[in-house]
Amino acid sequence: MSNVMDLTTLATQLDQATLRQEAAAQLTGQVTLDLATAYRVQAEGIRLREQRGERRVGLKLGFTSRAKMQQMGVEHLIWGELTDAMQIEEGGELDLRELIHPRVEPEIYFITRKEINSPLSLAEAGSVLEGVGPALEIIDSRYRDFHFTLEDVVADNCSSAKFVVGALQSPQRAIDNLGVVMNFNGRALQVGSTAAILGHPLRALVQIASLLHQQERTLPAGSVILAGAATAAEALYPRLHVSVDISGFGRTAFHTRGEL
């Protein structure tokens, strides 16, 4: 899988699944795929998005909560790219016809105020931030039956689909153990804590900085970082009002329309 055309072929399968809203076969059922190659397929998929005019706006970290690891059956931290086309306006609508089998999970997000170009300690992490806030991430694996290996999901850009962010708060706010409630039509469906994100959401920032350094990459100032899920994900369906409330911190929400 070192050949550029091979990587493009694999990335195109997933890209076409996204565009057609049709689930595809797992890549690992077709080829032998290691983690490094999976990240190269992911990068090629982002290149295809950029060719259509999308712009990178940040990163997401996946599998940072025990609930998420148990739900997906993996034990590794992973990361993917976010583009401007993935963002939904706060309080806006998500058209389910654009997706295959979408799920939603509550998160904390960061906005960086300066470039991240080296590893960070937990004590240093807050100093690179413009602010923090509540977020909802809509994930949508392009694989049949929402089933995949670690390498499959990394190649699929970590199931990234859409995201919604709420108002920014001061980066000095304590975020290590805040109550998180995700609601469907006003009913609490998932209850958890920001402590589920690596024990402290800032550890997600530390992890991203380390991963970027390993990849010899930098993250520009003004980037969005989704820190990972605070609870297990929930499947979406039409005519929903989805919201997350983070105790003493804020909320964000969106509506669903269309059919699956």
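Biologist: In the loop between which strand and which helix does Phe63 lie?

Modeller: This is a predicted model. Phe63 sits in a loop, with a strand on one side and a helix on the other. The two elements are strand S1 (56–62) and helix H3 (66–72).

Biologist: Is Phe63 buried or exposed?

Modeller: Buried means under 20% relative accessible area. Phe63 has a relative accessible area of 5%. That value is under the cut-off, so Phe63 is buried.

Biologist: What is the phi of Phe63?

Modeller: Most residues other than glycine have a negative phi. Phe63 is not a glycine, yet its phi is positive. The value is about 60°.

Biologist: Where is Leu198, and what is its phi?

Modeller: Leu198 is in the loop between strand S8 (187–193) and helix H6 (202–214). Leu198 is partly exposed, with a relative accessible area of 22%. Leu198 is not a glycine, but its phi is positive, about 60°.

Biologist: Which residues have the most contacts inside the largest nonpolar core?

Modeller: In soluble globular proteins, nonpolar side chains tend to be buried together. Here the largest nonpolar core has 66 residues. Helix H6 gives the most to this core, with 7 residues. The residues with the most contacts inside the core are Phe110, Ile138, Leu205 and Leu236.

Biologist: How many residues does the other core have?

Modeller: This core lies apart from the largest one. Among its residues are Val57, Tyr109, Ile111 and Phe163. The core has 10 residues.

Biologist: Which residues does Leu202 touch, not counting residues up to four places away in sequence?

Modeller: Leu202 lies in helix H6. Leu202 is buried, with a relative accessible area of 14%. The C-alpha atoms of Leu202 and Gly126 are separated by 7.4 Å, though these residues are 76 apart along the chain. Leu202 touches Phe110, Leu122, Ala125, Gly126, Leu129 and Ile175.

Biologist: Which residue has its backbone oxygen 3.1 Å from a polar atom of the side chain of Thr112?

Modeller: Thr112 is found in strand S4 (residues 103–112). Thr112 is buried, at a relative accessible area of 2%. Beyond its sequence neighbours within four places, Thr112 is in contact with residues including Val128, Leu219 and Ile225. The backbone oxygen at 3.1 Å belongs to Pro220.

Biologist: Do strands S11 and S12 run parallel or antiparallel?

Modeller: Strand S11 (residues 241–246) is joined to S12 by 6 bridges. Ser243 stands opposite Ala253 in S12. The two strands run antiparallel.

Biologist: Which residue in the turn between S11 and S12 has a positive phi?

Modeller: S11 and S12 form a hairpin. There are 3 residues between the strands. One residue in the turn has a phi of about 65°, and that is Gly248.

Biologist: Which residue in S12 is the bridge partner of Asp95?

Modeller: Strand S3 (residues 93–95) and strand S12 (residues 250–257) run parallel. They are joined by 3 bridges. The partner of Asp95 in S12 is Arg257.

Biologist: What is the N to O distance in the salt bridge of Asp245 and Arg251?

Modeller: Asp245 counts as partly exposed, at 29% relative accessibility. Arg251 also counts as partly exposed, at 41%. Their side chains meet in a salt bridge, N to O, at 3.0 Å.

Biologist: Which residues do salt bridges that share partners join into one network?

Modeller: The structure holds 13 salt bridges. In one of them, the side chains of Arg56 and Glu50 meet at 2.9 Å, N to O. Arg56 is partly exposed at 35%, and Glu50 is partly exposed at 34%. The network joins Glu50, Arg56, Glu81 and Arg217.

Biologist: How many residues apart are Glu98 and Lys162?

Modeller: The side chains of Glu98 and Lys162 meet in a salt bridge (3.7 Å, N to O). Glu98 is in the loop between S3 and S4, while Lys162 is in strand S6 (residues 160–165). The pair links distant parts of the chain, and the residues are 64 apart.

Biologist: Is Lys162 buried or exposed?

Modeller: Its partner Glu98 is partly exposed, with a relative accessible area of 40%. Lys162 has 17% relative accessibility. Under 20% means buried, so Lys162 counts as buried.

Conventions: Residues are numbered from 1 along each chain as its sequence is written. This is a predicted model: local features need pLDDT of at least 70, side-chain atom pairs count only at pLDDT 80 or more; totals for chains, interfaces and linings use all residues. Side-chain values use heavy atoms; hydrogens and water are left out. Helices (H or I, at least four residues) and strands (E, at least two) are DSSP runs, numbered from the N terminus. Buried means under 20% relative accessible area, exposed over 50%, partly exposed in between (1.4 Å probe, protein chains only). A polar contact is a pair of N or O atoms within 3.5 Å; within protein, one must be able to donate a hydrogen and the other to accept it, and residues adjacent in sequence count only if both atoms are side-chain atoms. Contact means heavy atoms within 4.5 Å. A nonpolar core is a set of buried Ala, Val, Leu, Ile, Met, Phe, Trp, Tyr and Cys residues joined through side-chain atoms within 4.5 Å. Two strands pair if DSSP finds at least two bridges between them. A salt bridge is a side-chain nitrogen of Lys or Arg within 4 Å of a carboxyl oxygen of Asp or Glu.
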